Amino acid sequence: MAISSPSLIPSFPHRETITNPLKPDTLNPPNPILLISKCTSLRELMQIHAYAIKSHVYNHKDHSFITKMINFCTESPTTSSMSYARHLFDAMPEPDIVSFNSIARGYSRSLNPIVSFALFVGVLEGGMSPDHYTFPSLLKACAAAKGLEEGRQLHCLSMKLGLDGDVFVCPTLINMYTECEDVDAARRVFDRIIEPCVVSYNAMITGYARRNRPNEALSLFREMQGKSLKVNEITLLSVLSSCSLLGSLGLGKWIHEYATKHGFCKYVKVNTALIDMFAKCGSLDDAVSLFEKMRHKDTPAWSAMIVAYANHGEAEKSMLMFERMRSESVQPDEITFLGLLNACSHRGLVEEGRKYFSRMVNEFKIVPSIKHYGSMVDLLGRAGRLDDAYRFIDTLHISPTPMLWRILLSSCSSHNDLKLAEKVSERIFEMDDSHGGDYVILSNLYARNKKWEDVDFLRKVMKDRRAVKIPGCSSIEVKNVVHEFFSGDGVKSNTHTKLHIALDEMVKELKVAGYVPDTSMVVHADMSDHEKEIAVRYHSEKLAIAFGVLNTPPGTTVRVVKNLRVCRDCHNAAKLISVVFGRRVVLRDVQRFHHFEDGKCSCGDFW
């Protein structure tokens, strides 16, 4: 590499001395180490390096100087800075563990984190001994690269060296396992800690929340409180995420009070997480109220509110919020536009959605992600423009994922387009033939079109490939306890519970009010009409709603969370429940929110 001339050093403190370091009247040339702290770019660092070499105030054995330069390169790593850091490291005749730790930290934050592991192997072969600062960076690199096997090897080595119980190593071990989706291994690491600190609890709680295990996260949070450990904003963010997953509004409100009392609401991230929690727990009014009270609103806060309105079917308010955001000169990001696209999708606003997609790419130079493409497919598919949606996927400059085709397959089902569904299914099965839901959708379409031989064949293929359908599950919080119900509970039971009896009575009253069970989605040819009706009666969302009506005072809003999309029959039943029983029902499914009140749904039956 050519070394820059010292005369090219840009204007910053000590420039006069640097550019003329060998003048006879220069008695005290500057110390290059002190100049690094004033450095603002890689180019300036290279010039300091060049000056140090030319003025003979540096040599390759000066570990302190080299390590400080590597630290600068790895603080906010780029491809260029990491390349220069590696050049500096490789030029050291005898690198020490401190310099390695610095470069490993940089790789863990880079686009190619696993490189640090290969470099570590060379370090071990050179006889260097890792310390308790070495493992955190390497484990973070494994977490970022999903390198579970490498992470396990590091775990074994840390045990061999007696460092696996270190306060710096344990949290990164937990994080590595959870990021690599081995949460049970992470919990075993946690359980071996004699006196877990706040950092270790945070790592485990965060891991549970990210891996969609909110009950365990909240259980650990309660255990943490029982030990009188002082929580911090990281704890609250993960706990609020768990509340959002469960739809646990009661606990979420308690955490809001706790955050307010202990001064955590001064953090914008905490307020944003609270907005997200309130919205996902069905209390849009609380989300709006908190947002409007915020003194400082950054891009994530605005985006959270735009997404909240979108998921609750308030497309117009979502778009107005975007205009407010722009009027206050706040720059939108990818989440902002994901919310806007979803808002348009849930209202069938095709042209508006296309305009937002175009603005995102052309005006704000945001590169679309798979989620943005998925929102566009959903937008076109819901509106019945299935051929347009197919062409949109087929002409993408990136390889379509199964998720994109699955979104279109769902739209094919909604619009009963069997021919296109077969074509789309072929594309899905080429990439992933293990997802049970794909077979179920196609099988249901065959059944609706009376193609029973195809139904039987598809079910056999599904069984041979061991593809399993995810069971419908709905949850409801009553008296600060979250109760879960699964579709089919009670269908084959000889003894009905109090809940099932109550639901049977509810259905009788609904029928008097005009309810007719929609059994069109029950496609078993050998089932009687009564058996089909029983099958849809005990769907998880009906069980959860019935439990809510049975166990809360009259007039109380019933809030239910479902892991799949609400079916047409449950949607119709919920509308009538809101009239017959005078209850407002808020149902969050995997797609959006449905607010049932006075016999109507906020989605306008467009879902």
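# Exercises on a predicted model

Helix H4 (residues 63-75) packs with helix H6 (residues 97-108) at an angle of about 10 degrees, and their axes lie 8 Å apart. Keep in mind that this is a predicted model. Let's start with that pair.

## Exercise 1: H4 and H6

Work out whether H4 is roughly parallel or roughly antiparallel to H6, then find which residues meet.

Step 1. Take the angle, about 10 degrees. Angles under 35 degrees count as roughly parallel, so H4 is roughly parallel to H6.

Step 2. Look at who touches whom. On the H4 side you'll find Thr67, Ile70, Asn71 and Thr74, and they meet Val98, Ser99, Ser102, Ile103, Arg105 and Gly106 in H6.

Step 3. Sort those residues by class. The contact of H4 with H6 has 3 nonpolar, 6 polar and 1 charged.

## Exercise 2: H8 and H10

Now do likewise for helix H8 (residues 134-145) and helix H10 (residues 169-179).

Step 1. Here the packing angle is about 10 degrees, with the axes 8 Å apart. That makes H8 roughly parallel to H10.

Step 2. List the residues in contact. H8 brings Phe135, Pro136, Leu139, Lys140, Cys142 and Ala143, while H10 brings Val169, Thr172, Leu173, Asn175, Met176 and Glu179.

Step 3. Split them by class: the contact of H8 with H10 has 8 nonpolar, 2 polar and 2 charged residues.

## Exercise 3: the cysteines

How many disulfides are there by the 2.5 Å rule?

Step 1. Try Cys197. The closest cysteine sulfur is in Cys170, and at 8.3 Å from the sulfur of Cys197 that is too far for a bond. Cys197 is partly exposed, with a relative accessible area of 28%.

Step 2. Try Cys281. Its nearest cysteine sulfur belongs to Cys243 and is 6.3 Å away, and Cys281 is in no disulfide. Cys281 is buried, at a relative accessible area of 3%.

Step 3. Write down the count: 0 disulfides.

## Exercise 4: the buried side of H23

Find the buried residues of helix H23 (residues 386-394) and say what they pack against.

Step 1. Pick out the buried ones: Leu386, Ala389, Tyr390, Phe392 and Ile393.

Step 2. Look down the axis of H23. The buried residues fall within an arc of 160 degrees, so they line one face of the helix.

Step 3. Name the neighbours. The buried residues of H23 pack against helix H21 (350-363), helix H22 (370-382), helix H24 (402-414) and helix H25 (418-431).

## Exercise 5: what covers H29

Which residues are buried in helix H29 (residues 529-537), and what covers them?

Step 1. The buried residues are Lys532, Glu533, Ile534, Val536 and Arg537.

Step 2. Their cover includes helix H28 (498-512), helix H30 (540-551) and helix H31 (568-580).

## Exercise 6: two lysines with positive phi

Locate Lys450 and Lys479, and decide for each one: buried or exposed?

Step 1. Start with Lys450, in the loop between helix H26 (436-448) and helix H27 (452-464). Lys450 isn't a glycine, yet it has a positive phi of about 60 degrees. Its relative accessibility is 62%, so Lys450 counts as exposed.

Step 2. Move on to Lys479, in the loop between strand E1 (473-478) and strand E2 (481-486). Lys479 isn't a glycine either, and its positive phi is about 55 degrees. With 73% relative accessibility, Lys479 counts as exposed.

Technical notes: Residues numbered from 1 in each chain as written. Predicted model: local features only at pLDDT ≥ 70, side-chain atom pairs only at ≥ 80, totals over all residues. Heavy atoms only, no water. Axes fitted to C-alpha atoms, helices over the stretch in contact; angles between N-to-C directions. Helix = DSSP H or I, 4+ residues; strand = E, 2+ residues; numbered from the N terminus. Parallel < 35°, antiparallel > 145°, perpendicular 65-115°, else oblique. Contact = heavy atoms within 4.5 Å. Nonpolar A, V, L, I, M, F, W, Y, C, P; charged D, E, K, R; others polar. Buried < 20%, exposed > 50% of the residue type's maximum accessible area, 1.4 Å probe, protein only. Arc of directions from axis to C-beta. Disulfide = S-S within 2.5 Å.
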